[in-house]
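Biologist: I am new to this structure and would be grateful for a close look at a single part of it. Please concentrate on the charged pairs and on the strands and loops around them.

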Amino acid sequence: MKSKTLKHLFAGALAATVLFQVMGKYGITTHAEMGADQQIAEEQTIDENGDDNTDDGTVTGNTDNSDTGNVTGAAEDDTNPDGDGNDLLTGDNADSNSDIADNNETDITENDITENEEAQNDGTDISNGTGDLEESLDDETKSLESGTDSSLEADANKEQNESDTKTITVYYMAGEGGSLADLPEGETYIEEVVTLESDASEDVVADDVVSDDAATDDTAEGEAATDDTEENEAATDDTEENDAATDNTEENDAATDDTASYEEVEIAGATAVSSDDYEFVNWTLEYDDTIVSSSETLTLSVSDLEALPEDTTEVTYLANFKLVDNSVAKYTPEVHMFLSGKELQAGEFDFEIYKTNESGDRIEGEDGYTATAQNDADGNVKFPTITYDTAGHYYYKIVQINGHKEGVTYDDTFYSLRVYVNNDSQDENKTVLNANGAYYKNTSASPITVRIYDYDEDPINEGHDLKFSNGGQNKYKAFNRYVGKQNGLYQSIVASSLGEDGYPYLNSDKTGSSESLSYLFNPTTNGVVSNDEDYYLYETDGKGTYSYSSDNFFPFGDKDYLFGLVTQTAFIIPEDGQAGGKDMTYTFSGDDDVWVYVDGKLVIDLGGIHDAYGASVNFNTGAIIYDNPASGAAPSNSYISNLSEVFTDGWKDGEIHDIKIFYFERGKYLSNFSSTFNFDLVANFNNLYVEEQKEVVPAKTTITGNKTLTGRDLAEGEFTFLLYETGEDFVISDDAAYLYTTTNKADGSFTFDEIEYKEEGTYYYVVKEQIPADATLNSDGTYTYNNVTYDTSVINVTVTVTKDSDYNLSASVTTSSDIKFTNTYVPPVVPEDPTPDPEDPTTTTTTTTTTTTTTTTDTTTDTTTTSETTSTSETQTVIGASPVPMVDDDPEVLGATRIAMTDEEEQVLGESRDYKTGDDFSLAKNLIVIIAAIASIGVIVVMTKKRRVH
């Protein structure tokens, strides 16, 4: 066996060897050999000494070997039957491959060179490759020379472009009576170098860049072309493109002639500073002692440059001042205005000032004075400057002109202005006059506006996110509930800036809503039961300090809870941050919400329904400090602690600023209020814009769901469902009452009563199935009642109500998942029906065969005939079922076989009964089966013994 196997293996190896020899002889290569041929073009050849061929100038690939006349193609491989690449080897390999070597020249010349001509044209043939390489190098040299020419032309263009850039040295100097704020110590002028570029020069530079890039690309193409003769020829043509690129010089030359305009530029400039007796007049631009232009601002314009000679390199900006006539005093009346309800536009409102006597009566004629002014976008109103040459007291009245703009309620307040003109106490000659003014609201009160609003709890809460209550309503969100005794604040309820309507709006990150609180200050809002637009509150000490304090603050009467208050005024923040020789400050303490805005920016946040807490802001240092007037333990402050955090460019500028203080008592019970400030007040008018009130069209929606019951049919009204209104957190408190209830229909659907919305906003609900009180709690958290296991899912529902321009409300409903509940019915365990089911797999069938022997005696022939009748019956028995009762009146004898009655003959009761016990037993049949089994066993034994013998 083994020898036959070895013979077979040897024959297979011999056949394979012969096959490879034939393949090698006729140029047939294997996949592996072709892989080697392909790799040789990318790898360096290594000779038998281990040296590569990089130093002898040969090119790898199908290189012609002049010493042997053979072409070394494939990589050297001892197993290569073709002999390619191994002809230079000595020993057995050389002898065994001598026949094949004789055919190499013919095979390779005719096949590898003729048929694979394209492969040899890749530059690896030394004879042809050298020529191609020389041409390629020549072309590359030409291309580089062309690129060099282009580069030189680009340098020339660059020089050309530089002629389009004008550089001017600007000197800033101060004339008599003034100086420059940025002037270094010991210097008399400030120097600045300004570079200007013409619009035309930019276009030229752009063209030059394109040309240079094109030349660079040509060089790259020349380098790439060294590997391909055809590409080299194409690269040679690129010289024409380079030549064409050099033609751009003429275009550049033409472009440099166009220097008609320069781009506008900004310059640093300098700031003029007046001395005590001088005031700044203007800046003049001078060249060779000639004034080219003058302006109150420092601006270098194109027209200024065009007025200068072409070779101008230096100019001078001179700050001019003039001597102030101290024999007269000047005063510029200013007021401030606010517009609540919408964004203020410049020039939207008109104001008038006129001269009066001490009693406030208007002075007409030559001794009178009248002027008008309009507001700017910031609400500042500046009248023309008034000049005084005589000391004394001068009285004026400032009013707003009612322009009857639609939707605007004008402030009909007037302000009395008293201007005090006195001799300067430090002027020995008493020739210097000073003028100072003071404003009084309606002749006597300070220029502070206070408005208060009384709220009715249910209407003011309906449809809004900020709630007024006793503070203990768990159904409301956290920012609407009492934080707890001495438990700090609830900051960030409102956004950090006022809305365009001038009112706070809720911070959506904290409350889930961005609703404006403007409705709380609108007299037409449902729930604003009364308001006072001109409430007298603050008292003054005559030294510039205004204050009010009460620990039982109920402006609408004792225990009249739930109200709001707004304090608003304009004031000047001096550059030293002081008023009356002290730091300018604002201080408040009390409960509940207090939000203080300066120039529309939130600076103090005492939000939440809380105990009395305090905070102060210092307009000199910028410090914002929180405190607790009761215990001294300051509440935690997560908001800003210095004005610099919101006024990054500073706030002490001597300009008019505004402050708005919003206060709410929305937690009932205690009410504390203490507010103090020392401002340099400015007269201010407060206008109110109320958008035209249109009739709101309510939105209506219904919330529906579906009920499924598995295990049996669903009955109408069988299950009950509850709808709760919640906060954004969808939490149902233990004592919460459901809003609506409903039951399912026969098809499983259920619908809650329709909900009507009269205010836009976001509303939150929870839907759940009612669990019977007597239900049993299962281990998995479900409940079972009357064999029904209930679905305990809780579905969150969000209704978003929006309003269009026509005041039509619309509602959209979103849910956390489908409003669908599935209950499961499991029937109780009861005895099953004894009637067998033929399709039921738990039923077994027993087949009984009955043989009846009938003997008939023929008396005429005196013969006896015996016949057998066989009948079969099937009995189905249910496993585990109760015994099947007998259908006959007489009980069946144990072991007897009941004879089936036939239609053909009647049998006398008892005649056909077989009294054998057990089933019928055929002895002959069973003996045959037993003998056959024994014979089979014997055959198996005999066969087994015979196998053992062999």
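Modeller: The account below begins with one pair of strands, follows the salt bridges outward from there, and ends with some backbone details.

The model is predicted, so local features are reported only at pLDDT of at least 70 and side-chain atom pairs only at pLDDT 80 or more, while totals for chains, interfaces and linings use all residues. Residues are numbered from 1 along each chain as its sequence is written, and side-chain values rest on heavy atoms, with hydrogens and water left out.

Strand 12 spans residues 350–356 and pairs with strand 13 in the antiparallel sense over five bridges. Two strands are said to pair if DSSP finds at least two bridges between them. Strands themselves are DSSP runs of E with at least two residues, and helices are runs of H or I with at least four, both numbered from the N terminus. Within this pairing, Phe351 stands opposite Ala373 of strand 13. In a regular strand, side chains alternate between the two faces of the sheet. Strand 13, residues 370–374, has Ala371 and Ala373 on its covered face, whereas Thr370, Thr372 and Gln374 are on the uncovered one.

Side chains of opposite charge can pair when their charged atoms come close. A salt bridge is counted here when a side-chain nitrogen of Lys or Arg is within 4 Å of a carboxyl oxygen of Asp or Glu; by this rule there are eleven. One of them joins Glu352 and Arg362, with the closest N and O atoms 3.3 Å apart. That pair links distant parts of the chain, for Glu352 is in strand 12 and Arg362 in the loop between strand 12 and strand 13, ten residues apart. Glu352 has a relative accessible area of 17% and is therefore buried, whereas Arg362, at 38%, counts as partly exposed. The cut-offs are under 20% for buried, over 50% for exposed and in between for partly exposed, with a 1.4 Å probe and protein chains only.

A further salt bridge connects Lys700 with Glu756, where the closest N and O atoms are 3.8 Å apart. Here Lys700 belongs to strand 36 (residues 699–701) and Glu756 to strand 41 (residues 755–757), so that 56 residues separate the two partners. Glu756 is partly exposed, at 41% relative accessible area.

Lys707 and Glu769 form another salt bridge, with their closest N and O atoms 2.7 Å apart. Because Lys707 lies in strand 37 (residues 704–710) and Glu769 in strand 42 (residues 761–769), the pair ties together parts that are 62 residues apart in sequence. Lys707 is buried at 3% relative accessibility, and Glu769 is buried with a value of 3%. Returning to the earlier pair, salt bridges that share partners join Glu352, Arg362 and Glu364 into one network.

Some loops elsewhere show backbone details. Most residues other than glycine have a negative phi, and most peptide bonds are trans. His404, however, has a positive phi of about 55°; this residue is in the loop between strand 16 (392–401) and strand 17 (408–409) and is exposed, at 66%. Leu562 also has a positive phi, near 65°, but this leucine is buried, at 3%. The peptide bond from Asp591 to Asp592 is cis, with omega near 10°.
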